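Biologist: Before I use a model like this one, I would like to learn how its features are read, beginning with a single loop residue and working outwards. Could you take me through it?

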Amino acid sequence: MIADATNADVFEVKVKNDNYPTAYKALTEVALQEKKSGARPEYVGEAPDFDNYDVIFVGTPNWWSDMPMVLYTFIEAHNWQNKTVAPFVTHEGSGLSSIPEKIRSATGANVTDGLAVYGHDAQNNREKANKAVQNWLKEIGF
Ligand SMILES: Cc1cc2nc3c(=O)[nH]c(=O)nc-3n(C[C@H](O)[C@H](O)[C@H](O)COP(=O)(O)O)c2cc1C
């Protein structure tokens, strides 16, 4: 929705060795271990050249009030100097947590107000999610 509204290029950060359990509880446990150990899983492929972008929308699910560790791998592999990051998060109750602040400290970029959308709305209530997206884009100046 954001890409459609802003005509953005999209790069999906996908884990290279995706051995994550598909069962929810088991996945939460693996993810917690990764967070605790500060894991930096590798990702697949590469984003388009950062030099061509001033604003980068960084979207992530909220995992344990944080991002999946692979997002940190991606962030640390790029130069965010003079970039503006617009963070958006899906969650099931925790909202943004302090993910925008975490992105600010990991990137050193200028970070806009974030958008939090329930994961179940993003998946099953597209109209509600789209309203939230459009309002947020307006708020942050798009
Ligand atoms: C490992 C893991 C940890 C999660 N931790 C949280 C959390 O701390 N707070 C919260 O609101 N939702 C939490 N969730 C729910 C996810 O945010 C939700 O499933 C996700 O945003 C849906 O997006 P997706 O379909 O892209 O995974 C967690 C989910 C997983 C799998």
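Biologist: Where does Asp 54 sit in the chain, and does it count as buried or exposed?

Modeller: Keep in mind throughout that this is a predicted model. Asp 54 has its place in the loop between H2 and E1, and for exposure one counts the C-beta atoms around a residue, 12 or fewer within 10 Å being the cut-off for exposed. Asp 54 has 8 C-beta neighbours inside 10 Å, and therefore counts as exposed.

Biologist: Which residues does Asp 54 touch, not counting those up to four places away in sequence?

Modeller: Here a contact is judged between C-beta atoms, with a cut-off of 7 Å. By that reading Asp 54 touches Lys 83 and Thr 84. Asp 54 also lies 8.6 Å from Val 85, C-alpha to C-alpha, although the two are 31 residues apart in sequence.

Biologist: Which residue stands opposite Val 85, and how many bridges join E1 to E2?

Modeller: The general idea for a regular strand is that side chains alternate between the two faces of the sheet. In this model, Ile 56 stands opposite Val 85 in E2, and the strands E1, residues 55–61, and E2 run parallel, joined by seven bridges. Together with helix H3, residues 69–76, these two strands make a right-handed β-α-β unit.

Biologist: Which residues of H3 are buried, and what covers them?

Modeller: Val 70, Leu 71, Tyr 72 and Phe 74 are the buried residues in H3, and their cover includes E1 as well as helix H4, which spans 99–107.

Biologist: What is the phi of Asn 82, and what is the phi of Ser 97?

Modeller: As a general guide, most residues other than glycine have a negative phi. Asn 82, in the loop between H3 and E2, has a phi near 65°, a positive value in a residue other than glycine. Asn 82 counts as exposed because it has 9 C-beta neighbours inside 10 Å. Ser 97, found in the loop between E2 and H4, likewise has a positive phi, near 50°. Ser 97 has 18 other C-beta atoms within 10 Å, so it is partly exposed.

Biologist: How many residues surround the ligand, and which are the closest?

Modeller: One reads such a shell by asking which residues form it, which elements supply them, and what classes they belong to. The ligand is surrounded by 14 residues, of which the closest are Ala 31, Pro 61, Thr 90, Ser 94 and Gly 119. Helix H2 (24–37) and strand E2 (84–91) are the elements that give two or more residues to this shell, and H2 gives the most, with three residues. Sorted by class, the shell holds five nonpolar, eight polar and one charged residues.

Biologist: Finally, what pattern does the chain follow along the sequence, and why does its radius of gyration agree with a compact globule?

Modeller: The chain has six helices and four strands, following the pattern α-α-β-α-β-α-β-β-α-α along the sequence. For overall size, one compares the radius of gyration with that expected from chain length: a compact globule of 142 residues would come near 14 Å, and the chain has 15 Å, which agrees. Its C-alpha trace spans about 40 × 35 × 25 Å along the principal axes, and 23% of the 142 residues count as buried. Among the contacts with a separation of 6 or more, 77% come from residues 24 or more positions apart.

Note on methods
Residues numbered from 1 in each chain as written. Predicted model: local features only at pLDDT ≥ 70, side-chain atom pairs only at ≥ 80, totals over all residues. Near = placed C-beta within 6 Å. Nonpolar A, V, L, I, M, F, W, Y, C, P; charged D, E, K, R; others polar. Pairing = 2+ DSSP bridges. Right-handed = clockwise from strand over helix to strand, strands pointing away. Rg over C-alpha atoms; globule rule 2.2 N^0.38 Å. Buried ≥ 20, exposed ≤ 12 C-beta atoms within 10 Å, placed from the backbone. Contact = placed C-beta atoms within 7 Å.
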